[in-house]
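Have the sequence and the model open side by side? Let's learn to read a few features together.

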Amino acid sequence: MVTYQELHDLNLSKLNTAVTHWQQMLSKLVILADGGDGGVNAADLEKKANAADWKGDSATVTKKFTTTTARQFDDMVTEARSIHSILQDAHTNLKKHKEDLGTAVSTWAKKNIYINSNGNAQYAGPPREVEGAPPPPTQEELDSAQRDIDRIMAAANETDRIAARALRKHAESKYDFDEKGFKDLNDADRQQGIEDADAMMRLASKGDALTDAELKRFNQVAGYHRDNPAFAERFATKLGPEGTLTFWRSLADPGRGNTPDPDSDRAKLLAKVQDNLGITLANATRVDTPAMQEWKDRMIALGDDQIKHPNGMPSAPYGFQVLGPLMTEGKWDTEFLSKYGKSVIEFERKFDDSVLGGPDQVWENRFNPAQLSYPPGGTKPDSDPVANLMEALGHNPEAALKFFDETTGKGDKVMSNWEYLVDKDGEGARKWPTDDDGKTTGYENLGHALESATLGYAYDDPDPSVPQIKSGNDAEAKASQEARDMRTLLMDRVVDHYSTADKIDKQEGIRDSLANMAAGHIDSLNYSMADWGGSGEATDRGGFFGADGNRLRDFGESGSKNFLRSLASDEESYETVSVAQQVYGASSMAAHGDNQQDALDAGVSSARMHGLLDQARAEAIGKEFAEDKDQRNLELEKQGEWRKFAGEAAVGVGVGVATALVVPTGGAALIAVPIALETVGGAINTQISVDTLQWLKDHEFENFDDSVAGIDKVKYDGSRNAMTPLLNYAEETGMTASQVRDLVERAEGKYYDGGRLGGTEAARGW
C-alpha cells in the first residue's frame, strides 16, 4: 500500500529507466521473433522446420522441439510488450498522482491547511487569539481537503495494486512465457476483475455458510472493484438474477437462530456486504451487453415472486423486497430503474382495496418476517421496496426526474407517480407504511428522490455541481436546457404542494430535503417573488434576473411566499435557506457590475427576501414558546447569534462569490447554490455545507427576562445580515453618506415589507 509520504517523496527515475530498458528489450525481441535486420529469427526457423524433410525420431521429437521453441519467441514478445505497457502506464499514472498531490497540498496551504506525513488535513495557522491572525479554516474546508487527499491516495494505490499484480502474474511461470499479456493497465484491471469475480462466485456459492473471514474477503475484493464494470458484469451474470436474490436472502437471514444480533460483528460485516454487493450490481446494470439486458429483464420479472430460503424457512419475501436493500447504494441504470419502478408500483397498487389492504399489508410479513436490511434498525428502509426505490432514484438524477412524470394504472385508474407518492391526500394515493412507533421512515427517502430529480445531482454527492446549461442550437445544448426546464417544472410542483408547514410536517423526514431544494432553486424563488401585484413585466424582471439565460421559472409569488414561509418556520430549514439567500443576493449585486442602480436594486430585493425568512422564523418561535418567555427569548438569542455568524461568513461583493460557507445545522448534506454571475456556460454555483459542526452548541447563551430586549436584538442581527452586501458595495464604490442614507431607508422598507409577507398573525405571547 502506498503511503502519503511515499507518494509525496516518490522518485520515478528508476521506474522511468525500467520503461526505457523494456522498450529496448522489446525492440530486440521483435527482431529475434520476426526478423527485419536480415539475421536469424524465430519465424524463419519455424518456417524452415515445417518445410524440412525430417526422418525417424527427428520427424517427431526434434521437429516439435524446434517449432515449439520458435513459437516461444512470439510469447516472449507478448510478455515483454505487456510488461513494457504496464510499466509505462504505471509511470504515467503515478507521475500524475504525485503532481495532483502536490497541487492539492499547495492549494490547501493557502487556506492554512497543512497535510501531515500521515496524509491528514489539519489547521496550520497561528492561534486565533493572535492579533491579525487569519480566520481558521472551517470544518467543511478541512473535510474537503481530506477528501481531496484521500481521493488522490486511493487512485495511487489502485495504480500500484493493478500494476504489481499484473507484473507478478508474468513472474509466476519459471519455465515458460505467457501466451497472453495485457494491452495496458486498464486491460489488466479488466482481466483481474474477471478473475476476482470468478473467485467471489466460489465464495457466494456457500450462501449463509460464509464465515466472517470470507465476508471480510468479499468486502475487500468488491471494494477494489467498485469502479470495475468487468468485475460487476461477470459477477452479476454468473450469479444470475435468481442466484442473486437467493444469495442475499439466505445470507441476510439464515434463520433457525442464526440471524445475527443487530450489534454483532456479523451484522456490521453484512452491512458492508450489502453496500458492496449493491454497488457491484448497480455498476453491472450500466454495462450494455445482451447478457446484462437479459439479467435486468429477468430481475424485474422476479419482483413479484416469493423468494424462499434454501433451507425451507417459512418466510418468503417478494423479490422486490429482497433486491430493495441492495438498491440503496450505487448508481443503477436509468432504464432499469424506470422499468423496475413501474413494475413495483403497479404490483403494489393491485393490493390497494378494502379487502386486500395496502402497502402495509402487502410488504409486511408479520408472522414470518425476514431480516433483509443492514444494519437492522438503521436509517435505511427495511421491508418497503418503494422506499428502497426512492433511495436508488436519489443516486440517479436522470432516472428520478423521469420517474415522477411517469404513470401507472389503466383507464380511470391512471395516476402519475407524483400523484401516487407525493400528493398523499389525493384519491388512490399511496398510504406509506409505518413502523412500530407509527412513524413513516419512507418520507426521508422520498425527499432524497425529489432532491436528485430537482437539483440534477445525487442527494448525497460529496462534491455537488448543478449540471451546466449549455448554449447554442446543437442537440447537446438543447438537451441540457430541456433537462433544466424539467427540473424547474418539477420544483414548481414541489413549491405548490408543500405550501404549508402542516403539509411538510405530515411527511416527517422530508423537510431537510425541501430546504436543500429551496437552496438549490433560490434563483427561481427570488425571480418568482419579484412580481408583486403582477408588476414583473413592467419592471423587466426577466432581464434583471437573467431569466432566459439561466432558465428560471416563475413558481408564482403567492406559492413561493408560502413555501419559503413554511420552511423558515423550522430552525434548520431556516438556516439552510437564509444562507443560500445570502449567497445568491450578494452574487446578484456582483452580477450587475458597474451598473450601480441595478446592483443596489438587487441588494434591496435580497433584503426583502431576508425579511420574509426572518419574520417567519421569529413568529414560529413566538408561537412555539408562547407560555415560556425565557425559552422563547433563548431561541431568539440563538437565532440572533446565528444571523451574526452568517453575516460574518457570508459572501460580500468584494470577497468573491465562489466561497464555500458553513451552515451549522444538524443535517449532513452538500448543496450547490446557483450564483447570479454568468459564465460561458451559464450560471455557476457554490457549495454550502450543511454540516454537523453544531456551531450553536459551541456558544453559550443566557436567558434574559426582558423579552423585548431579546426581540430587538434578533431584529437588529437580522437587518445587519441583510445589509452586509449593500454596505460592502457602498464602501467599495465610494457612495456618499447621503446616498448611503437613502439606500438604508430603501433597504429597511423592503426588509419590513418582506417581514409582513413572512408573518401570518401576531405571535402569541409577544
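What follows is a short dialogue between a learner and a teacher.

Q: What kind of model is this, and how are residues numbered?
A: This is a predicted model, in which local features need pLDDT of at least 70, side-chain atom pairs count only at pLDDT 80 or more, and totals for chains, interfaces and linings use all residues. Residues are numbered from 1 along each chain as its sequence is written, and side-chain values use heavy atoms, with hydrogens and water left out.

Q: How many helices and strands are there in the protein chain?
A: Helices (H or I, at least four residues) and strands (E, at least two) are DSSP runs, numbered from the N terminus. The protein chain here has 29 helices and seven strands.

Q: What share of the residues count as buried?
A: Buried means under 20% relative accessible area, exposed means over 50%, and partly exposed lies in between (1.4 Å probe, protein chains only). Of the 766 residues of the protein chain, 50% count as buried. For a partly exposed case, look at Asn16 in helix H2 (residues 13–34), with a relative accessible area of 37%. Another is Gln361 in helix H14 (residues 359–363), at 47%.

Q: Which residues have the most contacts inside the largest nonpolar core?
A: A nonpolar core is a set of buried Ala, Val, Leu, Ile, Met, Phe, Trp, Tyr and Cys residues joined through side-chain atoms within 4.5 Å. The largest one has 131 residues, and Leu323, Met390, Phe404, Leu421 and Leu446 have the most contacts inside it. Helix H10 (residues 265–285) gives the most to this core, with nine residues. Apart from it lies another core, of 15 residues, including Tyr4 and Trp108.

Q: Which residues does Leu421 touch, leaving aside its neighbours within four places in sequence?
A: Contact means heavy atoms within 4.5 Å. By that rule, Leu421 is in contact with Ile345, Val386, Met390, Phe403, Arg430, Trp432 and Leu446.

Q: How do helices H19 and H24 pack?
A: Two packed helices are described by the angle between their axes and the distance between the axes. Axes are lines fitted to C-alpha atoms, for helices over the stretch in contact, and angles run from 0 to 180 degrees between N-to-C directions. Helix H19 (residues 475–497) and helix H24 (residues 557–568) pack at about 65°, with axes 8 Å apart. That makes H19 roughly perpendicular to H24 (the term covers 65 to 115 degrees).

Q: Which residues meet where H19 packs on H24?
A: Met491, Val494 and Val495 in H19 meet Gly559, Ser560 and Phe563 in H24.

Notes: Angles under 35 degrees count as roughly parallel, over 145 as roughly antiparallel, 65 to 115 as roughly perpendicular and the rest as oblique.
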